[in-house]
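This report describes the open and enclosed spaces of one protein model, and the ligand that goes with it. Please look over the sequence and the structure before reading on.

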Amino acid sequence: MAGPAASENQNFCFKEELDAFKLSLSPTKEVILEHYLAGWSGLVKFLNRLGNVFGFISKDASSKIQILRNFLNGESGSEYFTVQSMVKYELENKLVDLKKAGSHPESGCRTLLRLHRALRWLELFLERLRTSQEDGKTSAMCAESYNESLAQFHPWVVRKAAGLAFCMLPGRLAFFEVMNVGTPDQVVAMLGEALPVVTEVYQITQELYAKHDLLDIP
Ligand SMILES: CCCCCCCC/C=C\CCCCCCCC(=O)N[C@@H](COP(=O)(O)O)[C@H](O)/C=C/CCCCCCCCCCCCC
């Protein structure tokens, strides 16, 4: 694993990255896109610290984050304030290719769906990590979570590459150190705090996408 220098690690705390997801929930339970993307950016930063072998994953996630940031900073940016307003705006203006790829191959709805599916992987992985034993294998936890969620949406070649990359994950304790949260007990407590937030963001988005029949955008 290409680990960070000790001084670099002091400036990185995994909890702060997950706090962005907390901020993404508005008082009316809408998902604020800017904070949602900040949460993902933090996770990508973390992934980059695990080594170059995860580069193809972080590159894909970064490009999706960038597509959504471009909408947010574009001329219709205010329509992208929340995931709910984005869905309404893009559907009302026929900006989504719903059944097959056409003139809107990178709509906000489609792009966010890819990250949303990955959030389910994260939820499953965090739960496994939280309840793992001292000798637990992060590679197995990651692979199981992936197989139960994202894998069904990926072709064989991506599944194979992801499976190989997972084998390079550090052991549980080294993984906790990269998170830079504190002792293993503190990490477990933080995971217990973070999980309900990730679950809530996931469920709100899932219900919204299901209501508008957006869960299979190509
Ligand atoms: C305390 C726990 C710490 C967890 C840290 C997690 C860090 C994870 C950071 C980012 C997660 C990556 C998100 C990946 C988004 C993938 C979106 C996607 O499905 N893209 C595919 C489809 O896109 P389109 O072609 O339709 O545009 C694309 O084909 C994917 C390519 C790359 C492979 C994606 C594999 C995803 C594996 C997710 C597990 C990441 C492993 C992290 C190890 C800790």
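The largest cavity has a volume of about 60 Å³. A cavity here is a set of points, on a 1 Å grid over the protein atoms alone, where a 1.4 Å probe fits but cannot get out. Grid points are joined across faces, edges and corners, and a volume is the space filled by probe spheres set on the points. The structure holds one cavity of 30 Å³ or more. Helix 2 (14-23) and helix 10 (184-211) each give two or more residues to the lining of the largest cavity. Helices are DSSP runs (H or I, at least four residues), numbered from the N terminus. Lining residues have an atom within 4 Å of a point. For the largest cavity they include K15, D19, K22 and E193. By class, this lining has four nonpolar, no polar and four charged residues. Ala, Val, Leu, Ile, Met, Phe, Trp, Tyr, Cys and Pro count as nonpolar, Asp, Glu, Lys and Arg as charged, and the others, Gly among them, as polar.

The model is predicted: local features need pLDDT of at least 70, side-chain atom pairs count only at pLDDT 80 or more, and totals for chains, interfaces and linings use all residues. Residues are numbered from 1 along each chain as its sequence is written, and side-chain values use heavy atoms, with hydrogens and water left out.

Next comes the largest pocket. About 800 Å³ of space lies in it. A pocket is an open set of points with protein on both sides within 12 Å along at least five of seven lines. The largest pocket is lined by 34 residues, and L47, I57, A118, W121 and L150 are the closest to its centre. Helix 6 gives the most to this lining, with nine residues. The lining of the largest pocket divides into 29 nonpolar, one polar and four charged residues.

Where does the ligand sit? The ligand sits in the largest pocket (more than half of its atoms lie within 2 Å of the grid points). Around the ligand are 26 residues, each with a heavy atom within 4 Å of it. Helix 6 gives the most to this shell, with eight residues. The shell has 21 nonpolar, one polar and four charged residues.

Three side chains make polar contacts with the ligand (pairs of N or O atoms within 3.5 Å).

| Residue | Ligand atom | Distance |
|---|---|---|
| D60 | nitrogen | 2.8 Å |
| R114 | oxygen | 3.1 Å |
| H154 | oxygen | 2.7 Å |

Taken alone, the ligand exposes 970 Å², and the protein buries 90% of that. These areas come from the Shrake-Rupley method with a 1.4 Å probe.

How values were computed:
A polar contact is a pair of N or O atoms within 3.5 Å; within protein, one must be able to donate a hydrogen and the other to accept it, and residues adjacent in sequence count only if both atoms are side-chain atoms.
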